[in-house]
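This report describes the arrangement of secondary structure and the relation between chains in the model shown below.

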There are 2 protein chains.
Amino acid sequence: MSDTYLRLDRQICFSLNAASRAFGSVYRVLLKDLGLTYPQYLVMLVLWEDGELPVKRLGERLRLDSGTLSPLLKRLEANGLVRRERSARDERSVNVALTEEGAALKERAAEVPRRIAAATGFDLAEIDDLRARLNQLTEALDAAALLQDA
Amino acid sequence: MSDTYLRLDRQICFSLNAASRAFGSVYRVLLKDLGLTYPQYLVMLVLWEDGELPVKRLGERLRLDSGTLSPLLKRLEANGLVRRERSARDERSVNVALTEEGAALKERAAEVPRRIAAATGFDLAEIDDLRARLNQLTEALDAAALLQDA
DNA sequence: CACAATTCAGTTGTGCACAACTCAATCGCG
DNA sequence: CGCGATTGAGTTGTGCACAACTGAATTGTG
């Protein structure tokens, strides 16, 4: 096999990783005012959209496990943005809900997506297209990961 | 502004982040045999391609700073894959070079890109196109990040 | 009902990303 | 030359990602 395929600039994963971190830098600045990190912002997005939900379901929506979410949620709770309480009907489960303060933060977050979109320099159609491709990619990779396990 | 833009499934950054982590899972399995993590693999790619180079330049190619690279390189050195030595002509600079073992690993890494490409389910043209768009995105975000600083 | 298997959240340990910082080497300007 | 500014690597501290694990609650099966 030619070395071509080992060239850094041919690795899609590198471009992906670089783009993801470049987003991180832009978000970091925008979210600083809100007192959120980027992963915390993603959690808040789900809560603003769905309202109260168990940790398990939050993890499904964000593709994150309890090892990542438990400490993150603890920090959000310490900052007064969410409440966590054991479910009455299933004591294994913990429901995560917005506090007043957490719900109120939605107002101030409202302009973040627009500013991010502006930073990309892409129009809405381009963003939609790229998003669709990335979702397709993720799906394929997940399927491949499952095969690896077997 | 409508809530639409705060929906998780509208956030390009989330798709990007998810795809990046999905890649991580697939790489993790493939690279386990080589004893590399994914960021370590990226460093090795650069070294296989460029040969010896200073930490500074490595960081430029990978968009990583010394805070990330220093401990990572220390681990690669501990695993016998690279050597680090202060430059004679500029004592501030540290050159990173492959050991015999590190150079030899290239052979075994040769099939990784093909297996990754297969896992994506994309053909080469699709990958090239996606890569180009992501690079464009990164460039735009970097430019926006610079504006933020000012 | 009993009890093994499963589910859920949380903990521990490792590694990466990045900001903020230190410290030594080098550069550049007067 | 002398000295302040800059550069390069490294350290420290915080937070995220994830594997592997624990322990308690629940479920399913005989």
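## The sheet of chain A

Within chain A, Glu85(A) is placed opposite Asn95(A) of strand 3. The model is a predicted one. Strand 2 (residues 82-86) of chain A, running antiparallel to strand 3 of chain A, is joined to it over 5 bridges. In this pairing, Arg84(A) has Val96(A) of strand 3 as its bridge partner. Strand 1 (residues 53-54) of chain A also pairs with strand 3 of chain A in the antiparallel sense, over 2 bridges. Here Leu53(A) is the residue that stands opposite Val96(A). Val96(A) therefore faces Leu53(A) in one pairing and Arg84(A) in the other.

Together these strands form an open sheet of 3 strands in chain A, with the order 1-3-2 and antiparallel pairing. Strand 1 and strand 2 of chain A occupy the edges; each has a single partner strand, so one side of each lacks a neighbour in the sheet. Helix 2 (residues 38-50) of chain A lies across strand 1, strand 2 and strand 3 of chain A, and runs at about 85° to strand 3.

## Burial of strand 3 in chain A

Is strand 3 of chain A buried or exposed? Of the 5 residues of this strand (residues 94-98), 5 are buried, so the strand is largely enclosed by the rest of the structure. The burial applies to both faces: Val94(A), Val96(A) and Leu98(A) are buried on one side, and Asn95(A) and Ala97(A) on the other.

## The sheet of chain B

Chain B contains an open sheet of 3 strands with antiparallel pairing and the order 1-3-2. Its edge strands are strand 1 (53-54) and strand 2 (82-86) of chain B, each of which pairs on one side only. Strand 1 of chain B runs antiparallel to strand 3 (residues 94-98) of chain B, and 2 bridges join them. Leu53(B) has Val96(B) in strand 3 of chain B as its bridge partner. Helix 2 (residues 38-50) of chain B packs on this sheet and touches strand 1, strand 2 and strand 3 of chain B, its direction making about 85° with that of strand 3.

## Helix packing in chain B

Two packed helices are described by the angle between their axes and the distance between the axes. For helix 1 (residues 12-32) and helix 6 (residues 112-120) of chain B, the angle is about 145° and the axes are 11 Å apart. The crossing of helix 1 of chain B with helix 6 of chain B is right-handed.

Helix 1 of chain B contributes Phe23(B), Val26(B), Tyr27(B), Leu30(B) and Leu31(B) to this contact, and helix 6 of chain B contributes Val112(B), Arg115(B), Ile116(B), Ala119(B) and Thr120(B). By class, the contact comprises 8 nonpolar, 1 polar and 1 charged residues.

## Relation between the chains

Two copies of a chain are related by a rotation about an axis and a shift along it. A turn of 180° and a shift of 0.0 Å along the axis lay chain B on chain A with an RMSD of 0.0 Å. The two copies are thus related as by a two-fold rotation axis. Moreover, 100% of the interface residues of chain B are also interface residues in chain A, so the copies meet through the same surface.

Arg131(A) illustrates a contact between the chains. This residue lies in helix 7 (residues 124-149) of chain A. Its relative accessibility is 10%, under the 20% cut-off, so Arg131(A) counts as buried. Leaving aside residues up to four places away in sequence, Arg131(A) touches Asp9(B), Arg10(B), Gln11(B), Ile12(B) and Ser15(B).

Technical notes:
Residues numbered from 1 in each chain as written. Chains lettered and ligands numbered in written order. Predicted model: local features only at pLDDT ≥ 70, side-chain atom pairs only at ≥ 80, totals over all residues. Heavy atoms only, no water. Axes fitted to C-alpha atoms, helices over the stretch in contact; angles between N-to-C directions. Helix = DSSP H or I, 4+ residues; strand = E, 2+ residues; numbered from the N terminus. Left-handed = near helix turned anticlockwise from the far one by under 90°. Contact = heavy atoms within 4.5 Å. Nonpolar A, V, L, I, M, F, W, Y, C, P; charged D, E, K, R; others polar. Buried < 20%, exposed > 50% of the residue type's maximum accessible area, 1.4 Å probe, protein only. Pairing = 2+ DSSP bridges. Least-squares fit on C-alpha atoms with pLDDT ≥ 70 in both.
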